[in-house]
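Morning, everyone. Please put the model up on the screen, and we'll go through a sheet, a helix and a cavity.

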Amino acid sequence: MQHLSGMDRARSALERGERFPAGLLPALVAESWQRCRDIGLDPNAAPREEVLPFAQVRRKRDETEGLRRLALAEMQLLYSQIAGSNFMIALGDASGMVLDTISDPVFAESAAGRAIIPGSRWDERNRGTNALGLAAMAGQPVAIYGREHFFASHGHLSCMAAPIVDSHGRVLGLLDASCANEARQQHTHVLVRMAAAQIENGLIFQECPESFILAFHPRGEYLDTLSAGLLAISRDGMVAALNRPGIALLAGLPAAAGSHFRDLFDGDFGRTIDTLLNGGVAAIRDRAGSAVLMVCRQIGQRRPRPLPATTVPVRGVSQAGPRAPDFICEDEGLRQAISDLPEAVAMQMPIHLTGETGTGKELMARHIHDVSGREGAFVAVNCGAIAEPLFVAELFGHERGAFTNARHEGSAGLARAAHKGTLFLDEVADIPLAAQTALLRFLDSMEVRAVGGQRSHKIDVQIVSATNRDLREMVAARTFRSDLFYRLAALTIALPPLAARTDFALVAQHLVQKLAPGTAITDAAIALLRRRAWPGNIRELRSSLQKALIRGKGGFIDEAALDDVPRERASATACPACRQNPLASRRCSEIRAIFASTEGNISATARQLGLSRTTVYKHVAEERAAREGDLSVPARQGSRA
């Protein structure tokens with residue numbers, strides 16, 4: 001007889017409607033399974049994917065504005081700690097409705113990621129046994145691993161959720177991390193609980209600006225950690241709020257809002273505050289006789305003030321925002337295009353970059369310089385910005401007095417400045433015809449001779465050129481030398497338009513961290529940005545994000561900060577069959593956007609999204625019929641279903 005694991009036996013009993021064998025499941029999971037069974041849910045059916053209208057989501061966000069601001073900051077920090085692990089971090093309200101998500105793009109594009117969106121409800125009645133719903137119901141941290149989920153379709157997920165409570169013990173919201181792999185479950189569960197505790201502490205600072213906030217613990221080394229009790233107390237000694245560790249440390253005492261300092265501690269409040277305000281650590285006993293150490297974390301203000309820039313520090317956990325990587329390239333086509341870079345720079349092959357304005361050609365050139373490992377400088381030359389008579393002198397240098405208005409001391413030239421490094425010739429199509437001969441001679445010999453000079457200098461540089469124009473057309477028109485073109489384009493890399501990049505989300509996150517380190521951008525905001533055409537590419541996206549940062553004064557970017565991106569376009573771009581379902585509409589809009597960016601190529605769209613051509617065709621049949629009926633639109637190879 002084949003041996004069955006405990007989980008196999010439990011699932012078998014669930015699916016057959018039998019009683020669960022004792023001890024196979026955590027009690028919380030077994031009780032949840034039974035409740036789901038009692039209300040008639042089928043574990044092998046699809047869960048009910050209820051999504052509330054956005055107006056209700058926005059109303060709930062407004063009601064929890066303070067909590068949301070703190071939570072999104074912690075979610076961004078949590079994201080930086082587990083980025084690359086195929087995770088989604090979600091903030092839910094007290095009932096289990098999702099308000100915001102921040103996720104790895106891979107997870108966001110998965111079936112689970114497309115289900116966990118703002119407005120989706122994760123209570124047991126809708127989604128069966130899950131961490132978000134159970135944490136809302138039980139008011140305690142919950143982890144549901146794999147097949148512990150009631151619905152079999154959620155069996156590949158692991159979810160960890162922790163409630164966020166106020167000083168009265170009321171659940172205000174929920175923090176959840178969901179993953180599609182099991183590599184770091186326990187570690188992530190701890191981080192989620194810590195993030196929830198940090199939000200709770202932040203709420204005390206936010207809601208009690210006129211109070212003294214005191215941290216206390218029996219051991220001094222724990223005063224700066226999440227284990228410390230936090231006590232918000234008025235100028236006359238009345239308790240305004242306590243965090244959960246504080247309540248636990250004062251167990252058996254009237255540790256609640258409305259009590260007085262003397263009810264909790266054996267010491268004079270005034271003398272204790274004097275000691276703390278002088279920067280000291282007060283050694284005091286609580287009314288149960290236990291010794292504690294106490295420090296002041298906030299001096300009470302006489303009138304409300306904004307939330308402090310930082311909340312209580314946590315040792316061992318960085319409070320800084322994530323360091324943005326220097327180069328983003330997860331687009332499969334682009335990764336393939338640059339796969340030969342190490343070998344090319346090792347052979348010192350000239351590399352030519354093409355792409356629309358704003359696609360990041362200089363950034364790619366700097367990446368090539370980094371890949372080369374060259375010790376010299378990266379020298380960028382805007383060929384279109386140098387006056388034609390001065391081009392050769394600026395590039396190769398000139399001797400003193402070599403021509404009218406020459407620098408008195410002469411110049412070594414930009415090419416020699418790049419010795420042992422990289423010379424980046426941007427806007428190479430604008431090089432004057434007369435100067436193209438000199439540049440060709442230099443590329444053949446790697447020797448420069450200054451204008452007016454007699455000596456030649458051998459230099460060692462990596463050549464990278466770039467343009468947004470078609471050099472082949474210019475060669476045909478005899479406005480660019482063919483021999484120079486072939487010399488520059490030993491290896492050509494075409495940078496795709498931003499709208500066609502499959503790593504759009506990573507590019508947006510990267511830019512946000514460059515502009516404002518530690519600032520959160522939600523998945524919904526990224527999805528809204530992704531629907532635009534972006535004719536200005538990355539440069540235009542950067543400008544839009546700068547405007548969003550100005551509008552989004554809460555320290556994060558969500559849909560409201562992107563008021564120049566019409567929200568209605570989401571449903572308007574979906575096919576008629578999908579427009580009434582928010583989940584289907586979101587995915588359909590994405591398929592149709594990629595279909596448009598590939599100029600109606602079904603095969604390319606399917607390849608980019610990892611879907612079958614049949615699935616793509618189902619969503620774009622209307623557009624395809626319109627294209628085939630328009631004689632002005634040429635047929636695209638590979639577009640047949």
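Which residue in S2 is the bridge partner of Met88? It is Ser103. Keep in mind that this is a predicted model.

Now the strands around that pair. Strand S1, residues 87-93, is joined to S2 by five bridges. The two run antiparallel.

Widen the view to the whole sheet. It is open and has five strands. Read across, the order is S2-S1-S5-S4-S3. The pairing is antiparallel. At the edges sit strand S2 (98-103) and strand S3 (142-145), each paired on one side only. On average, neighbouring strands are turned by 15° against each other, direction ignored. As a reminder, strands of a sheet pair through backbone hydrogen bonds.

Next, the helix. H8 lies across S2, S3, S4 and S5. Against S4, which is strand 158-165, H8 runs at about 30°.

Last, the cavities. How many are there of 30 Å³ or more? The count is two. I'll take the second largest. It holds about 80 Å³ of space. Helix H8 (131-138) and strand S5 (171-179) each supply at least two residues of its lining. Who lines it? Ala90, Val98, Ile116, Trp122, Asn130, Ala131, Leu132, Cys159, Asp176 and Ser178. By class, that lining divides into seven nonpolar residues, two polar and one charged.

So much for the tour. To recap: a five-stranded open sheet, helix H8 lying across S2, S3, S4 and S5, and a cavity of about 80 Å³, the second largest. Over to you.

How values were computed
Residues are numbered from 1 along each chain as its sequence is written. This is a predicted model: local features need pLDDT of at least 70, side-chain atom pairs count only at pLDDT 80 or more; totals for chains, interfaces and linings use all residues. Side-chain values use heavy atoms; hydrogens and water are left out. On a 1 Å grid over the protein atoms alone, a cavity is a set of points where a 1.4 Å probe fits but cannot get out, and a pocket is an open set with protein on both sides within 12 Å along at least five of seven lines; lining residues have an atom within 4 Å of a point. Grid points are joined across faces, edges and corners, and a volume is the space filled by probe spheres set on the points. Helices (H or I, at least four residues) and strands (E, at least two) are DSSP runs, numbered from the N terminus. Ala, Val, Leu, Ile, Met, Phe, Trp, Tyr, Cys and Pro count as nonpolar, Asp, Glu, Lys and Arg as charged, and the others, Gly among them, as polar. Two strands pair if DSSP finds at least two bridges between them. Axes are lines fitted to C-alpha atoms, for helices over the stretch in contact, and angles run from 0 to 180 degrees between N-to-C directions. Contact means heavy atoms within 4.5 Å.
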